[in-house]
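Trainee: I would like to learn how to read a sheet and a few surface features. Can you take me through them?

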Amino acid sequence: GDYEGIGVSVIQTTFVANGFEYQVFQVIAIYKGALAEHSDLKVGDYIYCIKVDDTYQTIGALGGYTSAINYVRGEKGTYAEFAVFRETDGAVESIEISVKRDSFETVSVNSYFSESNPEIGIIHISSFDLTTPKQFKEAVLDLKARGAKHFVFDVRYNPGGDLQSIKAVLTYFLQPGDLILSSIDKDGNTVQSYVAEST
């Protein structure tokens, strides 16, 4: 959960602008306390160009998603410079953004009450890292203490993450020994199984 970077979570996708399809990183979360929170970057923006050696290059020109993401990451104190597409009222604009990289701890769990029913607590899990199980348990206990009787667990746009983190969160709901996941090879043999443990 401790990182150095600009403090955003992205998913890989494509975006069509001016008749051309771009490989892009869509920003799905900006972590609280990270410097990106105080920049012009917004959730929903599509990163399509990254500045490398004083020249903006598309993600495709940088070799695709895997290699391009390394140009956004970097050491504390340096700057990530990139351009994004932003849709506003049906129009698309291109915006250049510069964000200083810094240390931050991810906040992967956010909780709040439903606006239509104060007895429904909503917990949004944006990713699964090693801090997620602790944040998740604290969010559940906090909402219950404040009167939540029902819960909605929102994992939309969650790109996944650490398997042990997912296992720890699911263990919160299951009995020890309950099957969480098993992998099976092409011959139908179970290769590995993951079960809930006691909390």
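Mentor: Start with one residue pair: His124 stands opposite Asp154 in E11. Strands (E, at least two residues) and helices (H or I, at least four) are DSSP runs, numbered from the N terminus. The chain crosses from E10 through helix H2 (residues 132–145) to E11, and this β-α-β crossover is right-handed.

Trainee: What does right-handed refer to in a crossover?

Mentor: Point the strands away from you; the path from the first strand over the helix to the second then runs clockwise. Before we go on, a caution: this is a predicted model, where local features need pLDDT of at least 70, side-chain atom pairs count only at pLDDT 80 or more, and totals for chains, interfaces and linings use all residues. Residues are numbered from 1 along each chain as its sequence is written, and side-chain values use heavy atoms, with hydrogens and water left out.

Trainee: How many bridges join E10 to E11?

Mentor: In general, two strands pair if DSSP finds at least two bridges between them. Here E10 and strand E11 (residues 150–154) run parallel, joined by five bridges. Gly121 has Phe151 in E11 as its bridge partner.

Trainee: And which way do E9 and E10 run?

Mentor: Strand E9 (residues 109–113) and strand E10 (residues 120–125) run antiparallel, with five bridges. Ser111 stands opposite Ile123 in E10. E9 and E10 form a hairpin, with six residues between them.

Trainee: What is the order of the strands in the open sheet?

Mentor: The order of this three-stranded open sheet is E9-E10-E11, and the pairing is mixed. E9 and E11 stand at the edges with a single partner strand each, so one side of each has no neighbour in the sheet.

Trainee: Now the loops. Where is Asp54 found?

Mentor: Asp54 is in the loop between strand E4 (46–52) and strand E5 (55–58). Its phi is positive, about 70°, although Asp54 is not a glycine.

Trainee: Is Asp54 buried or exposed?

Mentor: Buried means under 20% relative accessible area, exposed over 50%, partly exposed in between (1.4 Å probe, protein chains only). Asp54 counts as exposed because its relative accessibility is 69%.

Trainee: Where is Asp89 placed?

Mentor: Asp89 lies in the loop between strand E6 (79–88) and strand E7 (91–100). Phi of Asp89 is also positive, near 50°, and Asp89 is not a glycine. Asp89 is exposed, with a relative accessible area of 81%.
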